[in-house]
Amino acid sequence: MTSSHAPAADLVELKVKQVLEDSNTDTRIVVLKNDDGSETLPIWVGAAEGNAIRLAMEHVVTPRPMSHDLIRSFAEHLDVKIQRVVVTDVKSSTYYAAIHVASTSKGVDRTLDARPSDAIALALRSHCPIYVTRDVLNRRTASNLDAWVTKLETKNIET
Amino acid sequence: MITQMRVKGLIFDPYNNAYIVVLRDEDNSDMLPIWVGKSEASAIGLALESVTAPRPMTHDLMKSFLDVFDAKIISVVITDLNDNTYYAKIHLTYEDSEYTIDSRPSDAIALALRSSAPIFASESVIKKQSSEELEQWLENLKPEDFGKLDS
C-alpha cells in the first residue's frame, strides 16, 4: 500500500454477503463478512435502505436513477472518486460510517458522515472497498451472533 | 416555459399505499400531484418540517457531498411526464461550469428543499397532467386521509 490514501492497518475489509428480510419488523439485515468468513457483521437497516443495497448487489438497472445512482452521477460529473467507506463506530446498536471521497481536479480529499446503509449502497455502485474498524468488530454484541445469523439464514431458505 | 412551484404538502393515498407530493404555483392556478413511495415521502417530509435527523439521511448525505466540493444546486425542474411517471433534472454549478443531471422528482425535490433551491415545472408537464381525475379523487378523500400540510 504505497498510496497516501491507503487505509490504516486496523481496518478489516468486508464484503456484502446477503441482505436478509426480518419479516417481523419490516427491516432488512445486511450481512457483511471478511474474505475468509471468520468475521461477520450484521447491520439492521430499513426496508428501503435494504432494497437499495440489494439492487446494487444484483446489478439491477432501474428505468430511473435511484437516490444512490444520483450520488454516483454527481460524483461522475464533479470528477470525484469514491475511494472507500468505513464503518467507524457503534453506539447503542447504532452503526456509524464515513465515506472517503477525493476530487481529482481539485486534489483534495474529504470524509463524509453517513449511515452504513448509504455508505454500503454507494460503495457497491462505485466498486470501492468497504471496511470496518477492528474496534467496532470487537465491540459488536458477538456472543451468540453467528449462531443467530445461521438460524436466520436457514429460516430464510425454507420459507 | 417553466413555472415555479412550491411544495404545498404531502397527502397519504390509502388506496395505493403511497404518498402524494402536492406542488402548486404561486397563484394556485396550477397543481401538480406526484406519487412517491414511503421513504421518498419521508425524505421530503423531514425537509418540509426542517427536522434534523440524528444521523444524516440519504439526501443530507447528497447535500454534504455537494457542499464539501462547493457544488451548488441552482434549481430543479420537473421536465416530463410519461405513463404517469415524472422525470426531473437537477441544475448545479461547480467550478464555473453548469451541469444538468437526470433524477427522479422525489430526489430532486428532497434535495431542493434542503438546498433552498427553487423548484420548477415545465409547461408541458402541467398541461399533460389532467387535473380532472385528481379532483374527483380528492373529493372521495376523507379528512383523516390528509397528512400534514404546510398551510
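**Helix crossing and strand pairing, by definition**

Q: Why are α2(B) and α3(B) called oblique to each other?
A: In this predicted model, helix α2 (residues 58-68) of chain B and helix α3 (residues 105-115) of chain B pack at an angle of about 60°, their axes lying 10 Å apart. Roughly parallel would require an angle under 35 degrees, and roughly perpendicular would require 65 to 115, so α2(B) and α3(B) are oblique to each other. The crossing of these two helices, α2(B) and α3(B), is right-handed.

Q: Which residues of α2(B) and α3(B) meet?
A: From α2(B) come His59(B), Asp60(B), Met62(B) and Lys63(B), and they meet Ala110(B), Leu111(B), Arg114(B) and Ser115(B) of α3(B). By class, this contact of α2(B) with α3(B) holds three nonpolar, two polar and three charged residues. Met, Ala and Leu count as nonpolar, and Asp, Lys and Arg as charged, which means that His and Ser fall among the polar residues.

Q: What makes β1 and β7 of chain A a pair?
A: Strand β1 (residues 11-22) of chain A and strand β7 (residues 130-133) of chain A are joined by four bridges in the antiparallel sense; pairing asks for at least two bridges, so the condition is met. Within this pairing, Val12(A) stands opposite Val132(A) in β7(A).

Q: How do you know that β3 and β6 of chain A are edge strands?
A: The seven strands form an open, mixed sheet in the order β3-β2-β1-β7-β4-β5-β6 (chain A), and β3 (40-46) and β6 (108-114) of chain A each pair on one side only. Neighbouring strands of this sheet are turned by 35° against each other on average, with direction ignored.

Q: What joins strand β2 of chain A to β3(A)?
A: Seven bridges join strand β2 (residues 27-33) of chain A to β3(A), and the two run antiparallel; since at least two bridges are required, β2(A) and β3(A) therefore count as a pair. Lys33(A) stands opposite Thr40(A) in β3(A), and in the hairpin, with six residues between the strands, Gly37(A) takes a positive phi near 75°.

Q: Which residues form the covered face of β3(A), and which the uncovered one?
A: Leu41(A), Ile43(A) and Val45(A) form the covered face, whereas Thr40(A), Pro42(A), Trp44(A) and Gly46(A) form the uncovered one. Side chains in a regular strand alternate between the two faces of the sheet.

Q: What share of chain B is buried?
A: Buried residues make up 38% of the 151 residues in chain B, where a residue is called buried if 20 or more other C-beta atoms lie within 10 Å of its own.

Notes
Residues are numbered from 1 along each chain as its sequence is written. Chains are lettered from A and ligands numbered from 1 in the order in which they are written. This is a predicted model: local features need pLDDT of at least 70, side-chain atom pairs count only at pLDDT 80 or more; totals for chains, interfaces and linings use all residues. Axes are lines fitted to C-alpha atoms, for helices over the stretch in contact, and angles run from 0 to 180 degrees between N-to-C directions. Angles under 35 degrees count as roughly parallel, over 145 as roughly antiparallel, 65 to 115 as roughly perpendicular and the rest as oblique. A crossing is left-handed if the near helix is turned anticlockwise from the far one by less than a right angle, and right-handed if clockwise. Two residues are in contact if their C-beta atoms, placed from the backbone, lie within 7 Å. A residue is buried if 20 or more other C-beta atoms lie within 10 Å of its own, exposed if 12 or fewer, and partly exposed in between; C-beta atoms are placed from the backbone.
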